[in-house]
Amino acid sequence: MIQIFILISGVCAAFMHALFLRELLSVFQGNELIIGIILAHSVFAFASGVFVSSKIKKLQASDKTASVFTAAAALFFVSAFFFIMNIRSILHIPIGGGISLKTTFIYVFFAVFPSFFLQSTAVFSAIKSKANEISIRMPAALLFIGFSAGGILFSSVMYKFGGFNIMLITAVCLFAASVASSASAKSAKVFFLAGLIPVFCGLFLNIGDLEKKILRGNFSSSEIVEYKHTSYGQTALVQKNREHSLLVNNIMQFSSPDNDILNSEDFGHIPVLHSEYPENVLIIGGAAKYLPMILEHKVKRVDYLEPDAAVLEIMKYGIPHIGYVFKDKRVHVYNENVRVFLNKNGRKYNLILVGLPAPVNLTLNGFYTKEFFQAAKKRMKRSGFIAVKLQGTMAFSTYIMAELNKSVMEAMGGVFKNTNIIPGSQNILIASERKMPYRIHIKKRLYKMQETTLVLSKYYLDDRMDTEHTRWLKNELDKIDDDDNFLMNSDWNPKAMLLSVLHSQSAFSPYLALFADKARKYVYLIIVAAVIIFFLSKSICETTAFVSGASSTWLFIMLLFAAQILSGEIYKTYGLLFSLFMLGILAGLAYAWKAKNALPLNKKMFYGELLFLLLIILLLLIFKLYSINIYIIRILLFGAGFTAGMEFAYLMKISDLFGKSVNNHGIYIAEISGILFSALAGGCFLFAAWGMEKSLLFILFMKFLIFCRWADLKKRGL
């Protein structure tokens, strides 16, 4: 029965990990850098569980221990979701507000660590209890199969469900505890009956309504009118005191009445006033808040592009007084990937308006990059304009705010001949192939539709587009020293995302934000530190284990981010991508275990390092010469897992061969340390600071050092 228990535990672990990622990403505004924190805490919890199980003698290795700890993991899992669903309430975060990264690190730990620690302890205890009956390879294989199965199951359909998933996993964990305690009929019955309780709750109770009630705290105790999980995250329409707010991953998309009407009206009118004949207009995102304003102008056609269909559905039926705009014959609505739409649609537009929030995550950042502006330019008329909005201020300028605006301005300037920035509490960035119109022409066009605006007038426009204000802001941007377009925002070098996050964090920890902003310019010192540590290391096996764990995990995170940049549907695709990586590790372990050849282990390690180097070089070549697609990402994820699994198996064989001269536990610790370094440093900061290409070069550099060491050993026959 232990085989079934281990397999089920693996499925539960993968499912729990994917659920934690989905829920926590939604709480922390969908910022993918949180993935590194979640991954680090998950790995640390598993490693801690194994360590505690192996070191504490009082913790008996038995079926009873395995079943009790598994049941405890299920209870902590349920408690974790009550905790996650109330994090913003506990911290008193206003609706749509951000959360400090320092707080994020701590709260993610308390949410993730207990369940994985207990489950890891349970599995290792079960394995120890049968140590004399089974080979260590069998539990490892079953765990990785379980991880893969759980990830595929989540991505296929279960990503859509919330409370039902929690009930399902709780039940499965309790049934696993029943399997583990099968030697004791009484205990097995107790755990089995306990597992029926969440099954009953999931089938016969309205879990959706219960989930909404629990979640109210995360939305400032507002009533949740509509709530959905989609491949783009969590979408919620909330209502309080007759005021409606639409949030996607806790980022405000729309409010009625509009709590930011000045900026909304500015962005809804000023860009369209730049065009003399705005016949065709494309609006991207913004939850349709700009549609009523655009329709006040003499436009013939408005294409409204909203990738997430749930946003549009909630807008249409959840907020009755906004639904009328969709009945206008000039409005045409599309729900599809923005890049795909721009590439296949042959229509030319006078204005493209990007109404999305600030680029605080990779999905939003994709609408502020050089690649996006290039795609948009193909769908613009020669005299057309494109406009985006970013954080700004009229009273003073922060260095990070200036860097953020400059990164997007440089991306625009790399595509369009003319760019302009209109200062305010929300800066408006406009670009075109034609010259920008004079303010007097914009005021004349405003005069023709003045009666339809609430606050926008020629006097307000004079103040908003004041020459001195504009010159002052441009001077602030010119102060930023940017050699070789280091700040230019692109898909694979998401500077605007990092700067947008640091800008928002400056409200919580200004000194930490400034320190991180300075640190990103000196992260190359990590390369120097890597060389020093490499040459000071006495154990080639432990050094290899650290680099193997770090490089494979970093590559996994980068490919995960690449998939998110391409599709934006990480809430759906994460489980599948995680499964491919796990299957790759299992295949690598199986190959190393079963391969029959007479090559010495040092040569096998040499060829393993060579394979990983070729994998990175292949990705670099594809990245530079061709375009990366989701199929290439899947193949490379499997390849990264395969080389990692193969290298680890060879290192353990070397450890068994040389006995005490090679520390077995040291290899485990080095591997885990490499994974934690990669998750926390690489996934949480260095990818955004360096971009994909430089991150790949750093991994290549680390692996090349290890490759040289094994090449030397191979040459000397040691």
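**Exercise 1. A proline in a loop**

Work out where Pro257 sits and what kind of peptide bond joins it to Ser256.

*Solution.* Start with the location: Pro257 is in the loop that runs between β4 (251-256) and α10 (261-273). Bear in mind that this is a predicted model. Next, look at the bond between Ser256 and Pro257: it's cis, with omega at about 0°. That's worth a second look, because most peptide bonds are trans.

**Exercise 2. Two residues with a positive phi**

Find out which loops hold Gln29 and Ser221, and decide whether each one is buried, partly exposed or exposed.

*Solution.* Take Gln29 to begin with. It isn't a glycine, yet its phi is positive, about 60°. You'll find Gln29 in the loop between α1 (2-27) and α2 (34-55). Its relative accessible area is 16%, so Gln29 is buried; the cut-off for that is under 20%.

Now go to Ser221. Here too phi is positive at about 60°, and Ser221 is not a glycine either. The loop this time lies between α9 (207-215) and β1 (223-230). With a relative accessible area of 42%, Ser221 is partly exposed.

Why pick these out? Because most residues other than glycine have a negative phi.

**Exercise 3. Gln505 and its partners**

Say which helix Gln505 belongs to, whether it's buried or exposed, and which residues it touches beyond its sequence neighbours.

*Solution.* Step one: Gln505 is part of helix α20, residues 495-505. Step two: its relative accessibility is 8%, so Gln505 counts as buried. Step three: skip everything within four places in sequence, and the contacts of Gln505 are Ile99, Ser100, Leu101, Pro510 and Ala513. Step four: pick out Ser100 from that list. Gln505 and Ser100 are 405 residues apart in sequence, but their C-alpha atoms are 6.1 Å apart in space.

**Exercise 4. Two serines and a threonine in helices**

Place Ser120, Ser53 and Thr470 in their helices and check how buried or exposed they are.

*Solution.* Ser120 goes in helix α5, residues 101-129. Its relative accessible area is 3%, so Ser120 is buried. Leaving out neighbours within four places in sequence, Ser120 is in contact with Ala45, Phe46, Gly49 and Val50.

Ser53 belongs to helix α2. At 1% relative accessibility, Ser53 is buried as well. Try the distance from Ser53 to Ala122: they're 69 residues apart in sequence and 8.4 Å apart in space, C-alpha to C-alpha.

Thr470 is in helix α19, residues 467-478. Its relative accessible area is 13%, so Thr470 is buried too. Not counting residues up to four places away in sequence, Thr470 touches Asn420, Ile421, Pro423 and Met465.

**Exercise 5. The nonpolar cores**

Find how many residues the largest nonpolar core has, and which helix gives it the largest share.

*Solution.* The largest nonpolar core has 205 residues. Among the ones with the most contacts inside this core are Phe5, Phe20, Leu24 and Ile386. The helix with the largest share is α27 (residues 664-716), which supplies 23 residues. There's also a second, separate core of 43 residues, and it includes Val302, Tyr304, Val311 and Val325.

For a closer look, zoom in on Ile386. Once neighbours within four places in sequence are set aside, its contacts include Ile352, Phe372, Phe373, Met412 and Leu429.

**Exercise 6. The whole chain**

Use the radius of gyration to check how well the chain fits a compact globule, then describe its overall makeup.

*Solution.* A compact globule with 718 residues would have a radius of gyration near 27 Å; the chain has 27 Å, so the two agree. Along its principal axes, the C-alpha trace spans about 85 × 65 × 45 Å. The secondary structure comes to 27 helices and 11 strands.

Now the inside: 59% of the 718 residues are buried. Of the contacts with a separation of 6 or more, 76% link residues 24 or more positions apart.

Then the outside: the accessible surface is about 29,800 Å², and carbon and sulfur atoms account for 63% of it.

Last, the charges: the chain has 72 positive and 47 negative ones, and their mean positions are 6 Å apart.

How values were computed: Residues numbered from 1 in each chain as written. Predicted model: local features only at pLDDT ≥ 70, side-chain atom pairs only at ≥ 80, totals over all residues. Heavy atoms only, no water. Core = buried A, V, L, I, M, F, W, Y, C linked by side-chain atoms within 4.5 Å. Buried < 20%, exposed > 50% of the residue type's maximum accessible area, 1.4 Å probe, protein only. Helix = DSSP H or I, 4+ residues; strand = E, 2+ residues; numbered from the N terminus. Contact = heavy atoms within 4.5 Å. Rg over C-alpha atoms; globule rule 2.2 N^0.38 Å. Areas by Shrake-Rupley, 256 points an atom, 1.4 Å probe, with all protein chains shown as cover. Lys, Arg positive; Asp, Glu negative; His and termini not counted. Charge placed at Lys NZ, Arg CZ, Asp CG, Glu CD.
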